[in-house]
Amino acid sequence: MSAPLINVPARAKRGDIIIIKTLISHEMETGFRYGTNGVLIPRNIITEFVCTYNGEEIFRADFHQAVAANPFLTFYTVATASGTIAFTWTGDNGFSENASANITVE
Amino acid sequence: MMDRGTQTNPTRRKLLFGASCLAAGLGTPLLLAVRRAQATPATMATAIRQVVGEASVKPGKVKLDLPPLVENGNTVPFTVSVDSPMTPSDYVKAIHVFNEKNPQSNVIGVRLGPRAGRASFTSRMRLADSEKVVAIAELSDGSFWSDSVDVVVTIAACVEDGIP
């Protein structure tokens, strides 16, 4: 339904600062808009994003209604060890999506 | 026949121009009138207080990168970067972004640490009006630093919510 797109370098040198890019498809309905029938459209947004590197949390974001539809995030981390970088998005109406990428650190 | 054509054309053009000017003039206040509850500078100050508490927020160290003129308020790309060495003893704990006139003052809040290497992130926000956007960074020593940008928005986000 909302396949996330993630971009993590496949390999990096130990100690390098790497850039991580994520994009997830989501309408991010604000809860402030009215539909054509005059009824308020209920809020439906992603509220939280967490990124872990080999199980250790490295980045977390709290989204509010002012985040544009299809939330896009880029951030940095230091490549410390080979392993898995995992991403979790959670939101209203039980929304939950996961993704992960492997990185080789030399 | 040729004469008539050259005579009628300018008047028709003038009429159309006049009509469009009138429509544009009428349309602007209408759009403003139907817009509902917005966050005001006061609610933004309250939202900032909820995050920083009693601490004072100093300008500097933070760089909020936002286009000064935005065509479409539905997706406004922005980058916040903080001048910090990002060592275990001196790093950025959190970055928060606030707006002045959206229905809700908070935009995004991120938590990071010395593992980030670089205290910077990029995302996209919605802007309902030409307004001020503020970014505040919380450092590991407990101090708060901020940067603000005034943005002009030509097509606002959420204008469609005014149409009944």
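**Exercise 1. Describe the hairpin formed by S4(A) and S5(A).**

Solution.
- Start with the turn. S4(A) and S5(A) form a hairpin with two residues between them. A:Asn54 lies in this turn and has a positive phi of about 50°.
- Next, the strands. S4(A) covers residues 46-53 and pairs with S5(A) in the antiparallel sense over six bridges. Strands here are DSSP E runs of at least two residues, and helices are H or I runs of at least four, numbered from the N terminus. Two strands pair if DSSP finds at least two bridges between them.
- Last, one partner. A:Tyr53 is bridged to A:Glu56 in S5(A).

This is a predicted model: local features need pLDDT of at least 70, side-chain atom pairs count only at pLDDT 80 or more, and totals for chains, interfaces and linings use all residues; side-chain values use heavy atoms, with hydrogens and water left out. Residues are numbered from 1 along each chain as its sequence is written, while chains are lettered from A and ligands numbered from 1 in the order in which they are written.

**Exercise 2. Find the strand pairings that join chain A to chain B.**

Solution.
- Follow S5(A) across. It pairs with S6(B), residues 106-111, in the antiparallel sense over four bridges. Here A:Asp62 has B:Gly109 as its bridge partner.
- Now take S6(A). Two bridges join S6(A) to S7(B), residues 120-125, and the strands run antiparallel. A:Thr74 stands opposite B:Thr122.

**Exercise 3. How much area is buried between chain A and chain B, and which three residues of chain A supply the most?**

Solution.
- Get the area. About 2700 Å² is buried, and carbon and sulfur atoms give 53% of this. Buried area is the accessible area (1.4 Å probe) that two parts lose on being put together, summed over both.
- Rank the contributors. A:Ala66, A:Phe72 and A:Tyr76 supply 22% of the area that chain A buries against chain B, more than any other three residues.
- Count the residues. In chain A, 32 residues are in contact (heavy atoms within 4.5 Å) with 29 residues of chain B.

**Exercise 4. Which side chains form the salt bridge across the interface?**

Solution.
- Apply the rule: a side-chain nitrogen of Lys or Arg within 4 Å of a carboxyl oxygen of Asp or Glu. It finds one salt bridge across the interface of chain A and chain B.
- Name the pair. A:Glu56 and B:Arg115 meet at 3.5 Å, N to O.
- Locate the supply. S3(A), residues 17-23, S5(A), residues 56-63, and S6(A), residues 72-78, each supply at least two residues of the side of chain A that touches chain B.
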